[in-house]
Amino acid sequence: MSAIASTEARRTTGWVVIETIRGYGVDTVFGIPGTHNLELYRPLDALGIRPVTTRHEQGAGYAADGWSLQTGLPGVVITTSGPGLLNALSAAGTAYCESRPMIIIAPGPARGAEFADVGTLHETKDQLAAASAIVEWGRRVQTAGEAVAAVHDAFELFAARRPRPVYIEIPLDLLEAEADVPADALAPRAGAPATRPDAESVATAARLLAEAREPVVLAGGGSRGAAAELRALAERLSAPVVTTLNGKGVLDERHPLAIGSSLRLAAGRARAQEADVLLVVGSKLGEAELWVDRLAARGTVIRIDLLDSQIAKNQDADLGIVADARPALAAILDALEQHPVDAAEAQKRSERAEASVAETVARVRAESAELSAQNTALAEHIAAALPERAVVATDSSQIAYWGLLNTLRVSEPNSTPYMATYATLGYGLPAALGARIAAPDRPAFVVVGDGALMFSMQEFITVVEQRLDVTVIVVDNGGYAEIKQNEADAGIAPVGVDLVQPDWAAVATAFGGTGRRAADAQQLAAAVEAAGAAGGLQLIHIDQAAYAYDSGEARR
């Protein structure tokens, strides 16, 4: 069988759905072609859309998430029916928990064939219900017009409300049918205007913050689109800024007011707990970000969030502002003009705040080292070796949450793709390849444990196939070390946690990349530099049992 020379243009429902998505600026989709989803692939070349074929649908979802974090657009995942869709649902669960935009599109049973149970290919009892249980909303459309409307509704959700994944199911017969949808119906729609903050609440917030002696800003993922406003407010108030992991980098972490993403450590939490006025921007303050049940702030709490339902979630608020972070912070800044500050006093406050931040950062580092000396030391070596502006995707690995996310100082948001709440394995590698496609000017790295990398190592070949420059640093602790410790704490001898390791450097070479090893800080720095110069798929293997943790000094 030979391939045809060019694709026939057929204006099917699949075509108009993809054309609608393209109109919103999406130029890359992730997924795997299958027998039932061909009409979603037909228009890609004609519409100038890059298809990225991962080697597993879960990888497609995580790659779409990594791409989305860099572009601000929703990641788009195309799966086939049945197993393809179900494979992608873990990625949908991640996007839901971390409040990230994603569109998953899949074919479903033909109209009239729902629940037939007759043994058709990929037959699933109720894939719509399965997906709908995970995403913000799932919709099975009945006409091409409904399919196009579902796309518009998805983008409206992402623009005006809490961004979370959606699922659009197109019956197979409809997907393949000619679509009678006027061209103007496909045009992108203007998003709903951002919710404007209540003026009285803004004035009260400005007064409380202006009168505060020890204000602190706690920035979550909902603040990522308001980095400039957040920095201006922090500087105006001389307020230290502590972030969640999803908010990491909203304030340049080398800024003298930046404590960093250290809410999981007691020293970082204490600054938020002890503030006389705490401004929480775009965070639900969940246990997964805090590592304790509740923050239990003792001062006056002001919360800014898109949703009224979040204002008192996990932490009561004395004042709630329901609005997008950017206009809310801008309005508070404007209102602070009514509260002038003496220049000399402002300078003293700034110096006190910066000194206290430096002390807190030192305490965070000491606490991190006490909790996990090896991971902290190794993370400092890794951070010192990384180039400027690197995107560093991580996984639910000890080297990430015990080390790198505490030590690496990043200068902009979305520099460390991660999923603090869903805490999955297999995220880092596909997220990095998606990020590299979206931001080719930024070096792309993956720092993960050996157990986590085993979940998605098939995506090595996607990196090679897509001709991407991605460097993977795999920290090998011999298996699931965290769970091994959990077992010991529970009085259980090690079971199922000591894993046989491949020759990791050879694995990378077998996939068409280059494998290296590093046993100390000097070798690690040299390996990272060589990987960057060579490009393509690069892997650096670190055997934690043999690594010299006391070698070298962190430079960042």
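Contact here means heavy atoms within 4.5 Å. With that in hand, a tour of this predicted model can begin at two residues of one loop and then move on to the largest pocket.

Ser81 sits in the loop that links β3 (75-78) to α4 (83-97). Its relative accessible area is 6%, and because the limit for a buried residue is under 20%, Ser81 is classed as buried. Once neighbours within four places in sequence are set aside, the contacts of Ser81 are His36, Pro107, His122 and Gln127. With His36 there is also a polar contact, made side chain to side chain at 2.8 Å. Pro33 is separated from Ser81 by 48 residues in sequence, while the C-alpha atoms of the two are 11 Å apart in space.

Thr80 belongs to the loop between β3 and α4 as well. Thr80 is likewise buried, its relative accessibility being 8%. Beyond its neighbours within four places in sequence, Thr80 touches Gly34, Thr35, His36 and Asn37, together with Leu85, Ala106, Pro107 and His122. His36, Pro107 and His122 thus appear among the contacts of both Thr80 and Ser81.

Turning to the largest pocket, its volume comes to about 1,100 Å³. The lining comprises 43 residues, of which Ser99, Pro163, Gly221, Gly222 and Arg224 lie closest to the centre. At least two lining residues come from each of α3 (57-71), α6 (144-160), β11 (300-305) and α12 (325-335). Sorted by class, the lining holds 17 polar, 16 nonpolar and 10 charged residues.

Technical notes. Residues are numbered from 1 along each chain as its sequence is written. This is a predicted model: local features need pLDDT of at least 70, side-chain atom pairs count only at pLDDT 80 or more; totals for chains, interfaces and linings use all residues. Side-chain values use heavy atoms; hydrogens and water are left out. On a 1 Å grid over the protein atoms alone, a cavity is a set of points where a 1.4 Å probe fits but cannot get out, and a pocket is an open set with protein on both sides within 12 Å along at least five of seven lines; lining residues have an atom within 4 Å of a point. Grid points are joined across faces, edges and corners, and a volume is the space filled by probe spheres set on the points. Helices (H or I, at least four residues) and strands (E, at least two) are DSSP runs, numbered from the N terminus. Ala, Val, Leu, Ile, Met, Phe, Trp, Tyr, Cys and Pro count as nonpolar, Asp, Glu, Lys and Arg as charged, and the others, Gly among them, as polar. Buried means under 20% relative accessible area, exposed over 50%, partly exposed in between (1.4 Å probe, protein chains only). A polar contact is a pair of N or O atoms within 3.5 Å; within protein, one must be able to donate a hydrogen and the other to accept it, and residues adjacent in sequence count only if both atoms are side-chain atoms.
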